[in-house]
Structures are given as structure tokens and as C-alpha cells.
Amino acid sequence: MNKNFVSDSKESSRMFKSSLLEAVSKVHFSVPLVIYVPVVFFFVWESFSLENFSLLNFIVSFASGLVFWTATEYSLHRFVFHFVPKARWGQRLHFIFHGVHHDFPNDRLRLVMPPSVSIPLALGFYFLFYYALPASWLPSFFAAFLIGYLIYDMSHYAFHHLSLQHPILKKLKQYHMRHHYFEPDKGYGVSSGLWDKILDTDFKK
């Protein structure tokens with residue numbers, strides 16, 4: 001991704017002439033927690049309420065949901081957010097979805113996914129899982145998937161705005177900052193570098 005400049009401002013740069021579009025493109029970092037934590041609790045409760053509930057089945061499906069989120073996070077970041085079309089309208093769309101974040105990485109209102117994007121995506125994935133997974137897997141798998149998303153969103157905000165002292169979090173922050181400021185074509189994982197290692201997009205030592 002070619003960058004003309006990088007701003008360290010924490011304030012938002014206006015993207016749209018429309019005040020409505022401008023408003024829905026911004027979100028406080030706590031909003032995803034308010035929306036999705038109750039949803040997570042509901043699906044965890046539903047998985048325990050199944051007539052044929054099995055703790056082993058819950059553990060395996062929950063772990064699978066977390067792993068699937070890491071693959072989704074990587075794939076969206078690498079193949080969707082970093083895809084830059086040649087057409088002018090495509091470049092504009094790319095800037096709206098992700099380019100603005102690389103130009104203004106500390107914009108405090110564009111660091112987590114706005115509900116205008118995250119809710120349609122969550123519904124789309126839910127129906128995908130509904131048709132693709134066994135019924136006994138769906139609640140716990142989807143709950144874990146949403147937890148993975150929340151970890152991604154909250155860690156992303158923290159990496160840009162908090163001073164982190166825990167060694168693991170500090171290392172993940174350094175990893176993400178290297179993606180932003182040095183090698184934007186590497187290090188697509190945010191909450192985990194797993195798929196960068198598997199698919200050879202990790203930073204070279």
C-alpha cells in the first residue's frame with residue numbers, strides 16, 4: 001500500500017460531505033462491547049441449553065470458532081482491506097474501508113469497526129454458520145467467533161492508544177506498528193500472527 005503521508009493526529013479527518021455518512025463512519029471504542037457482549041452471553045447460554053449438550057462438543061466448537069476468527073481477521077485484512085483496485089471509484093472505496101486508517105492510524109473514532117459494517121457482517125457470518133455447521137456447534141462456535149472479533153477490535157484500539165506493559169501485548173503492539181509504519185505488505189494479523197507465519201507474510205527477522 002503506497003502512502004503519501006501518515007498523520008499522528010487523534011482527531012478524525014472528514015471523509016464524506018454527507019453528515020449522516022460521516023456520522024456512521026465513526027464509533028467510540030466501547031460500542032462493539034455494548035452491542036456484542038450480550039449477544040455472546042446469549043449464544044453461550046443457548047449452547048448450554050441444548051438438549052444434547054456435551055462439554056467436549058462445546059470446547060471443540062468454541063475453540064474452532066476462535067481459530068476461524070483468526071483466519072477471517074487475516075483474510076479480511078489482507079485480501080479485502082489491502083486490495084487496491086485500479087479504478088478511481090475502487091481506490092476511493094479502498095480509502096474509506098482501510099486507506100484512511102493507514103493515513104490516520106491514531107484517529108480515535110475510526111479504530112474499531114462501526115456497527116454500520118460490523119452488524120451486516122455478523123449477520124452474514126451467522127447465516128453462513130447456520131447452514132454450514134451442525135446445530136449443536138452453532139451457538140458456541142458463533143459466540144467464540146464474536147469473542148475473537150471483540151478481542152481484535154479492543155486490542156487494535158489499545159495498540160494505537162495505550163501504553164502496554166505486558167510482554168505479550170507489547171510484542172503484539174510492536175508487530176502491528178511495524179505493519180503500519182514500515183512493512184504494510186506484511187503482518188496482516190492484529191490479534192494473532194498465526195496466519196502470517198503459516199502463509200509466509202510474517203516480518204523477516
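What follows is a short tutorial dialogue on reading a predicted model.

Me: Before I look at any detail, how should I read the confidence, and where in the protein is it lowest and highest?

Reply: Start with the general caution: where pLDDT is low, the predicted coordinates should not be read in detail. Here the model is predicted, with a mean pLDDT of 86 for the protein, and 90% of its residues reach 70 or more. Confidence is lowest in helix H4 (residues 88-103), with a mean of 71, and highest in H2, with a mean of 96.

Me: Good, then let's take H2. How many residues does H2 have, and what span does it reach?

Reply: H2 has 19 residues, and from its first C-alpha to its last it reaches 28 Å. That is close to the 27 Å expected at 1.5 Å a residue.

Me: Which residues of H2 are buried?

Reply: A general idea helps first: an α-helix has 3.6 residues a turn, so residues three or four places apart point the same way. Now the case in hand: Pro32, Tyr36, Val40, Phe43 and Ser47 are buried in H2. Among the elements that cover them are H3, H5 and H6.

Me: That brings me to the nonpolar core. Which residues of the largest one touch the most other members?

Reply: In soluble globular proteins, nonpolar side chains tend to be buried together. In this model the largest nonpolar core has 25 residues, and those touching the most other members are Tyr36, Phe129, Phe142, Phe145, Leu146 and Tyr149. Two or more residues come from each of helix H2 (31-49), helix H3 (55-81), helix H5 (115-132) and helix H6 (138-161). H6 gives the most to this core, with 11 residues. Apart from it lies another core, of 5 residues, including Val27, Val112, Met154 and Tyr157.

Me: Could you pick one core residue for me to inspect? What is phenylalanine 145 in contact with, beyond its neighbours within four places in sequence?

Reply: With those neighbours set aside, phenylalanine 145 is in contact with Gly65, Phe68, Trp69, Thr72, Phe125 and Phe129. You can follow one of these contacts from the other side. Threonine 72 sits in helix H3 and touches Phe125 and Phe145, again not counting residues up to four places away in sequence.

Me: And is threonine 72 buried or exposed?

Reply: Threonine 72 counts as buried, because its relative accessibility is 7%, and buried means under 20%.

Me: What about a serine in H6? What surrounds serine 140?

Reply: Serine 140, found in helix H6, has a relative accessibility of 1%, so this residue counts as buried. Leaving aside neighbours within four places in sequence, serine 140 is in contact with Phe43, Ser47, Phe58, Ser61 and Phe62. Separation along the chain is another thing to check: serine 140 and glutamate 46 are 94 residues apart along the chain, and their C-alpha atoms are separated by 8.1 Å.

Me: For contrast, how should I read serine 64?

Reply: Serine 64 lies in helix H3 and is partly exposed, because its relative accessible area is 24%. Serine 64 is in contact with Trp137 and Phe141, leaving aside neighbours within four places in sequence. Valine 67, also placed in helix H3, counts as partly exposed at 43% relative accessibility.

Me: Now for helix packing. At roughly what angle do the axes of H6 and H7 cross?

Reply: Two packed helices are described by the angle between their axes and the distance between the axes. The axes of H6 and H7 cross at roughly 80° and come within 9 Å. That makes H6 roughly perpendicular to H7. On the H6 side, the contact is made by His156, Phe159 and His160. On the H7 side, Leu169, Leu172, Lys173, His176, Met177 and His180 take part.

Me: Which residues of H7 are buried?

Reply: They are Tyr175, His176, Met177, His179 and His180. H7 itself (residues 167-181) has 15 residues and reaches 21 Å from its first C-alpha to its last, close to the 21 Å expected at 1.5 Å a residue.

Me: Last one, on the backbone. What is phi of aspartate 200 near?

Reply: Most residues other than glycine have a negative phi, and most peptide bonds are trans. Phi of aspartate 200 is near 60°, a positive value in a residue other than glycine. You will find aspartate 200 in the segment after helix H8 (194-198).

Conventions
Residues are numbered from 1 along each chain as its sequence is written. Side-chain values use heavy atoms; hydrogens and water are left out. A nonpolar core is a set of buried Ala, Val, Leu, Ile, Met, Phe, Trp, Tyr and Cys residues joined through side-chain atoms within 4.5 Å. Buried means under 20% relative accessible area, exposed over 50%, partly exposed in between (1.4 Å probe, protein chains only). Helices (H or I, at least four residues) and strands (E, at least two) are DSSP runs, numbered from the N terminus. Contact means heavy atoms within 4.5 Å. The expected span of a helix is 1.5 Å times one less than its number of residues. pLDDT is the predictor's confidence in each residue, from 0 to 100. Axes are lines fitted to C-alpha atoms, for helices over the stretch in contact, and angles run from 0 to 180 degrees between N-to-C directions. Angles under 35 degrees count as roughly parallel, over 145 as roughly antiparallel, 65 to 115 as roughly perpendicular and the rest as oblique.
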